[in-house]
Amino acid sequence: MHCTNCNYKNTKVTDSRPIEDGRAIRRRRECERCGQRFTTFERMEEVPLIVVKKDGMRQEFSRDKLTRGLIRACEKRPVPVETMEEIALEVEKELRSLGSSEVDSELIGEMVMERLSKVDEVAYVRFASVYRQFKDVTVFLDELKELINTEEQDEAEKEE
């Protein structure tokens, strides 16, 4: 690794730490000539994961884009950013574990909604309203009724 200051080719690693749930390494380096310190990141090279949209278009999966969607859904809600990032990472891990290079956007939406419903109901409804593109209030009310029924079933199971 070349020094960012003097371009000398020998640097030593002073510290290494796993990041992104062990999927990457952050290294602190020091130039052996000028003493400049800098940080490098080492990530596993992954096969691109392609998302097939509802209209048939394809685009590369982006955890950042998913996180931004979660941030919008959780706006002004008591959901820590770390929780949103964790959901995005969990979804990506599950998608990659399927072993397919292409996944439907519907699957991603369902996976996110499943996790969001356990974290914050308002954020879940916000995400669902965009994802499912509610056409009118009755469809929205049906989704709310389903959420309430699921919650009541969960409570009943806990009491047993």
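Two residues are in contact when heavy atoms lie within 4.5 Å. The exercises below use this term on a predicted model.

**Exercise 1.** Find the helix that holds Glu-92, decide whether Glu-92 is buried or exposed, and list its contacts beyond four places in sequence.

*Solution.*
Step 1. Glu-92 belongs to helix 2, which covers residues 81-97.
Step 2. The relative accessibility of Glu-92 is 4%. Buried means under 20%, so Glu-92 counts as buried.
Step 3. Set aside the neighbours within four places in sequence; Glu-92 then touches Arg-23, Glu-46, Phe-61 and Arg-63.

**Exercise 2.** Describe the sheet with the order 5-4-6 and identify its edge strands.

*Solution.*
Step 1. The sheet is open, has three strands and shows mixed pairing.
Step 2. Strand 5 (58-60) and strand 6 (102-104) are the edge strands, since each of them pairs on one side only.
Step 3. From one strand to the next, the twist averages 35 degrees.
Step 4. Strand 4 (residues 50-52) and strand 6 run parallel and are joined by three bridges. Take Val-52 as an example: its bridge partner in strand 6 is Asp-104.

**Exercise 3.** State which residue caps the N-terminal end of helix 4, and name the buried residues of this helix.

*Solution.*
Step 1. The cap is Asp-120. One of its side-chain oxygens is 3.1 Å from the backbone nitrogen of Val-122.
Step 2. Helix 4 spans residues 121-131. Its buried residues are Ala-123, Tyr-124, Val-125, Phe-127, Ala-128 and Tyr-131.

Key:
Residues numbered from 1 in each chain as written. Predicted model: local features only at pLDDT ≥ 70, side-chain atom pairs only at ≥ 80, totals over all residues. Heavy atoms only, no water. Helix = DSSP H or I, 4+ residues; strand = E, 2+ residues; numbered from the N terminus. Buried < 20%, exposed > 50% of the residue type's maximum accessible area, 1.4 Å probe, protein only. Polar contact = N/O pair within 3.5 Å; in protein donor to acceptor, adjacent residues only side chain to side chain. Pairing = 2+ DSSP bridges. Axes fitted to C-alpha atoms, helices over the stretch in contact; angles between N-to-C directions.
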